[in-house]
Amino acid sequence: MLQQVFMSELDAGRRTVLAHGWHPDVPNGRQDTDPPETQDLTHPVTNAAVSSQRIRIVFDEVLYGNALEEIACRNGTFSRVPLGATPDDIANCAVADDLLVEFCKGPMSVCLGPDNVPVGVLDEDENGSADNTQMIDGAVKIVCGAINVPLNREASFWQPAGNQLVPAGQIPQNSLGPALIVVPDNGLLPSASTCHIEFAPDVTDKEFNQPCVPTGGVEDTDNIGDCAAGDLAAFSFGTESISLDSSVPTNNSTNIALNRNPLSFILSARPDAASVATATVTVMEGAGTRTDFTVGLNAANPARVEVRMAANLIANTMYTISISGLSDSFGVAIAPMSFSFTTVP
């Protein structure tokens with residue numbers, strides 16, 4: 001079963017929190033003696049960060065890695081490792097080209113090309129570094145509403161080692177195992193969504209039980225309940241709604257210089273660049289409007305939408321800048337936003 005789930009939550013510092021399960025070394029903030037900076041790290045997540053996200057799923061049993069990762073072949077393709085294959089079977093397909101046909105064969109061999117001709121396992125270098133692997137497509141899924149979130153299959157990986165004891169100098173969210181580390185493409189999740197985890201039917205423990213989520217959720221004890229194989233309904237999480245984090249100038253500020261440029265919306269996460277290009281922006285200048293401006297994303301900070309004026313502002317005037325029509329990279333709409341300021345007399 002899923003013992004713990006760690007993920008990044010949008011709060012002060014975008015902390016990694018324990019979103020499901022329990023661990024004695026992760027404070028829950030329910031004791032008054034806890035330092036404020038460590039309180040409330042264990043709770044169901046309703047505001048998961050939609051950028052730079054990395055999810056660590058800790059299991060109570062080792063899963064079959066064969067159903068989670070596949071290995072790179074010399075011809076550039078990837079091949080699943082047959083169930084029951086041993087390290088020796090892998091080594092037999094990592095020999096010199098002239099020895100492949102002799103050693104890389106049989107039901108446990110990997111990287112067989114057309115007509116069962118071996119192409120060999122792709123080692124990362126000639127000194128015997130670990131073989132290049134990637135997560136099997138569809139082995140694990142993050143589903144947010146109707147969106148099947150694309151995963152970075154190279155950055156995601158299965159870590160069979162580990163236990164519930166925290167090594168010296170480490171913290172549980174980086175060390176507990178066995179664990180599956182799941183990284184969305186570019187670290188991005190859909191905003192304002194409810195998400196859950198799915199596994200392919202062949203992802204099982206060594207007794208062929210499918211993963212399940214215990215019903216206890218986040219509790220004060222390691223007795224977090226039981227679950228039926230394959231039942232994942234007890235865990236879900238919500239993602240942040242992208243909103244206006246701050247603005248330049250700040251909202252309701254006064255005495256703003258007439259040459260202040262650009263005027264900026266700084267969002268809590270980046271919008272889709274294509275939606276910025278088609279967004280509706282209104283610049284109210286007192287009772288009138290301005291149309292001499294361009295809109296774009298800041299190159300260094302993709303969460304910053306800039307409105308660049310073609311000419312100076314007018315003195316002693318209240319401006320209101322509004323934008324609507326933005327969406328995230330998954331097409332989820334971002335609520336309209338605005339800010340106001342007044343220029344110098």
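1. The largest nonpolar core of this predicted model has 67 residues, and the members that touch the most others are I57, I142, L180, F199 and F237. A second core, separate from it, has 11 residues, among them C73, V81, L100 and V121.

2. F237 deserves a closer look as one of these core members. Leaving aside residues up to four places away in sequence, F237 is in contact with M7, V45, A48, I55, I142, L189, S193, T194 and C195. I142, another of the residues that touch the most other members of the core, is thus among the contacts of F237.

3. An open sheet of four strands, ordered β8-β7-β11-β12, is paired in the antiparallel sense. β8 (147-149) and β12 each have a single partner strand and stand at the edges, so one side of each has no neighbour in the sheet. Strands of a sheet pair through backbone hydrogen bonds, in either the parallel or the antiparallel sense.

4. Within this sheet, β7 (residues 140-144) and β11 are joined by five bridges in the antiparallel sense, and I142 stands opposite I197 of β11. β11 also pairs with β12 (residues 237-238), again in the antiparallel sense, over two bridges. There, C195 stands opposite F237 of β12.

5. Which side chains of β11 are buried, and which are not? The side chains of this strand (residues 194-199) alternate: C195, I197 and F199 are buried and point to one face. T194, H196 and E198 point to the other face and are not buried. F199 is also one of the residues named above for the largest nonpolar core.

6. V140 belongs to strand β7. Its relative accessibility is 3%, and V140 therefore counts as buried, the cut-off being under 20%. The contacts of V140, again without residues up to four places away in sequence, are M135, L151, L180, V182, I197, E198 and F199. From T291, V140 is separated by 151 residues in sequence and by 48 Å in space, taken from C-alpha to C-alpha.

7. A further open sheet consists of five strands in the order β14-β21-β20-β16-β17, with mixed pairing. Its edge strands, β14 (253-256) and β17 (288-290), each pair on one side only. On average, and with direction ignored, neighbouring strands of this sheet are turned by 30 degrees against each other. The pairing of β14 with β21 (residues 337-343) is parallel and runs over two bridges; S253 stands opposite F341 of β21.

8. The largest pocket holds about 390 Å³ of space. Its lining comprises 20 residues, of which G65, N66, E69, V81 and I90 are the closest to its centre. At least two lining residues come from each of β4 (69-72) and α1 (87-92), and β4 gives the largest share, three residues. V81 is also listed among the members of the second core.

9. How many cavities of 30 Å³ or more are there? The count is one. The largest cavity contains about 50 Å³ of space, and its lining is formed by V50, S51, L188, L189, I242, A269, R270, D328 and S329. L189 is also in contact with F237.

10. S79 lies in strand β5 (residues 78-80). Is this residue buried or exposed? With a relative accessible area of 17%, S79 is buried. Apart from residues up to four places away in sequence, S79 touches E70, I71, C73 and C111. Of these, C73 is included in the second core.

11. Two cis peptide bonds merit checking against the model. One runs from G177 to P178, with omega near 0 degrees; P178 lies in the loop between α3 (172-175) and β10 (179-182). Another joins N261 and P262, with omega about 0 degrees. P262 is located in the loop between β14 and β15 (263-267).

12. Positive phi angles also call for comment. S52, although not a glycine, has a positive phi of about 55 degrees. S52 is in the loop between β2 (16-21) and β3 (55-59) and counts as exposed at 65% relative accessibility. F208 is likewise not a glycine and has a positive phi of about 65 degrees. The loop between β11 and β12 contains F208, which is exposed with a relative accessible area of 53%.

Conventions:
Residues numbered from 1 in each chain as written. Predicted model: local features only at pLDDT ≥ 70, side-chain atom pairs only at ≥ 80, totals over all residues. Heavy atoms only, no water. Buried < 20%, exposed > 50% of the residue type's maximum accessible area, 1.4 Å probe, protein only. Pairing = 2+ DSSP bridges. Axes fitted to C-alpha atoms, helices over the stretch in contact; angles between N-to-C directions. Core = buried A, V, L, I, M, F, W, Y, C linked by side-chain atoms within 4.5 Å. Contact = heavy atoms within 4.5 Å. 1 Å grid on protein atoms, 1.4 Å probe; cavity = no way out; pocket = protein on both sides within 12 Å on 5 of 7 lines; lining within 4 Å. Points joined across faces, edges and corners; volume = space filled by probe spheres on them.
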